[in-house]
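Subject: Structure handover and notes

Dear colleague,

I am passing on the structure we spoke about, and my notes follow directly after it. Please read them with the coordinates open beside you.

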Amino acid sequence: MTVYKRLISVFILFAITFLISATGFVIIEKWPVLDAVYMTAVTLATVGYGDLTPKTPAGKIFTIFVIILGVGTLAYTASLILSFVVEGELTGIIRRKRMEKRIQSLTQHYIICGALDVAKYIIDELVQTKHQFVVIDNSTPANTQFTDEDKIIFINDNPANENVLQRAGIDKAAGLISALSTDKDNLFVVLTARGLNPNIRIVSRSIDQETVHKLTRAGANAVVSTEVIGGLRMVSEMIRPTVTTFLDTMLRQRGSVLRVDEAQISGESDLLGKTLKQAQIAEKTGLVVIAIKDSVTENYKYTPPMDTVLREKDILIVIGDIEQISKLRKLAAGQG
């Protein structure tokens, strides 16, 4: 039984004790109800003003039992309150309230289902690239993985539960990553998340390649197979080791975080209708544009020429650090 449930049981016990005591004084001492309630209150509180005392031997004996029972109940309540603080229940409640307040302020954030294995690398990347996110996991090791010092919003609960996903702000989230250790769990998360938010982007992990189509049909926008990724990584290490080392260094290097990233041009952007040369992206942000995804054909233009005209919903693929990418996103959104 949790401390919270024990506190409720003590409250019920105290209420029953009070009712029985007041009733006893009415029956034994023939007191009015108000006097009986008053006598019960001062007796259980061990105040004992002395302005109202039992007159019969039976009343005095009954009062002794009421005092013993009242002192015992109060002592037990005090011990529970102490354990409530010592065992961290009170701290946990304060932490949850603070966490819920932080989640309410989030918008266009990411929800990460899972905190171990593959998920810990996802979390690390989101921290390095300064994205807002919420982690959900109910496994025992994950419960002690994050502390308040990490400044990571962590919900210790079942990520496939509708109420839990709603607590994580799925209605305002930009995307959800399901990186749990079994395909069955990932499938449940994808189904639940898609039902709660039809517009959210969902990326799921797949352990078995045969599960990929099931996750896609359940609502995942993209499915990453650990078998496929592992195989591609191994062959890359063999036939293009320098490129692989470069990408590893880019991802793992601390300090200046260099990434290949993207930004979509909005209808309010000053870049709209300009050529790459006129846009002066390199001069304004320091970024290198390595490709553009055409908004009409959805084809990629690699190393696009400087006379390429930028159109609404074109996606610029660039390489640079986090601050530079942030500048480009503001320009692309018309905020620069």
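Contact, in what follows, means heavy atoms within 4.5 Å. Please also keep in mind that this is a predicted model.

On that footing, and leaving aside neighbours within four places in sequence, Ile 111 is in contact with Val 134, Ile 136, Leu 165, Ala 168, Gly 169, Ile 170, Ala 173, Gly 175, Leu 176 and Ile 177. Ile 111 belongs to the largest nonpolar core, which has 26 residues, and is listed with Ile 155, Leu 165 and Leu 176 as having the most contacts inside that core. The elements that give two or more residues to this core include strand E1 (110-113), strand E2 (133-136), helix H4 (89-104) and helix H7 (162-167). A second core, separate from this one, has 16 residues, among them Ala 279, Ile 281, Leu 287 and Leu 310.

Helix H14 may be a convenient place to look next. Within H14 (residues 322-332), the buried residues are Ile 322, Gln 324, Ile 325, Leu 328, Leu 331 and Ala 332, and these pack against helix H5 (118-128), strand E7 (258-264), helix H13 (281-285) and strand E10 (315-321). At the start of H14, the backbone nitrogen of Glu 323 has a side-chain oxygen of Asp 321 within 3.2 Å, while the helix is followed by Gly 334, whose phi is positive, near 80°.

Two residues show this packing from the other side. Thr 285, in helix H13, counts as buried because its relative accessibility is 5%; its side chain reaches the backbone oxygen of Ile 281 at 2.6 Å and the backbone nitrogen of Leu 287 at 3.2 Å. Not counting residues up to four places away in sequence, Thr 285 touches Gln 324, Lys 327, Leu 328 and Leu 331. Val 318, in strand E10, is buried with a relative accessible area of 0%, and its contacts, with the same sequence neighbours left out, include Val 260, Asp 261, Val 289, Ile 325 and Leu 328. The C-alpha atoms of Val 318 and Leu 328, which are 10 residues apart along the chain, are separated by 9.3 Å.

Turning to charged pairs, the count comes to nine salt bridges. In one of them Arg 205 pairs with Asp 117, with the closest N and O atoms 3.0 Å apart; Arg 205 lies in strand E5 (residues 201-206) and Asp 117 in the loop between E1 and H5, so the pair ties together parts that are 88 residues apart in sequence. Arg 205 is buried at 11% relative accessible area, whereas Asp 117 is partly exposed at 43%. Another salt bridge joins Arg 329 and Asp 261 at 2.6 Å, N to O, and because Arg 329 lies in helix H14 and Asp 261 in strand E7, this pair ties together parts 68 residues apart in sequence. Arg 329 is partly exposed at 34%, and Asp 261 is buried at 16%. Salt bridges that share partners also join Arg 233, Glu 237 and Asp 248 into one network.

Finally, there is a nonpolar patch on the surface, formed by Val 224, Val 228, Ile 229, Leu 232, Val 235, Met 238 and Ile 239, with about 650 Å² of accessible area together. Helix H10 (residues 226-239) gives the most to this patch, with six residues. Val 228, found in that helix, counts as partly exposed at 38% relative accessibility.

With best wishes

Note on methods
Residues are numbered from 1 along each chain as its sequence is written. This is a predicted model: local features need pLDDT of at least 70, side-chain atom pairs count only at pLDDT 80 or more; totals for chains, interfaces and linings use all residues. Side-chain values use heavy atoms; hydrogens and water are left out. Buried means under 20% relative accessible area, exposed over 50%, partly exposed in between (1.4 Å probe, protein chains only). Helices (H or I, at least four residues) and strands (E, at least two) are DSSP runs, numbered from the N terminus. A polar contact is a pair of N or O atoms within 3.5 Å; within protein, one must be able to donate a hydrogen and the other to accept it, and residues adjacent in sequence count only if both atoms are side-chain atoms. Patches are made of residues with over 30% relative accessible area and no salt bridge: like charges are joined within 9 Å, nonpolar side chains (Val, Leu, Ile, Met, Phe, Trp, Tyr) within 5 Å. Accessible areas come from the Shrake-Rupley method with a 1.4 Å probe; for residues, only the protein chains shown count as cover. A salt bridge is a side-chain nitrogen of Lys or Arg within 4 Å of a carboxyl oxygen of Asp or Glu. A nonpolar core is a set of buried Ala, Val, Leu, Ile, Met, Phe, Trp, Tyr and Cys residues joined through side-chain atoms within 4.5 Å.
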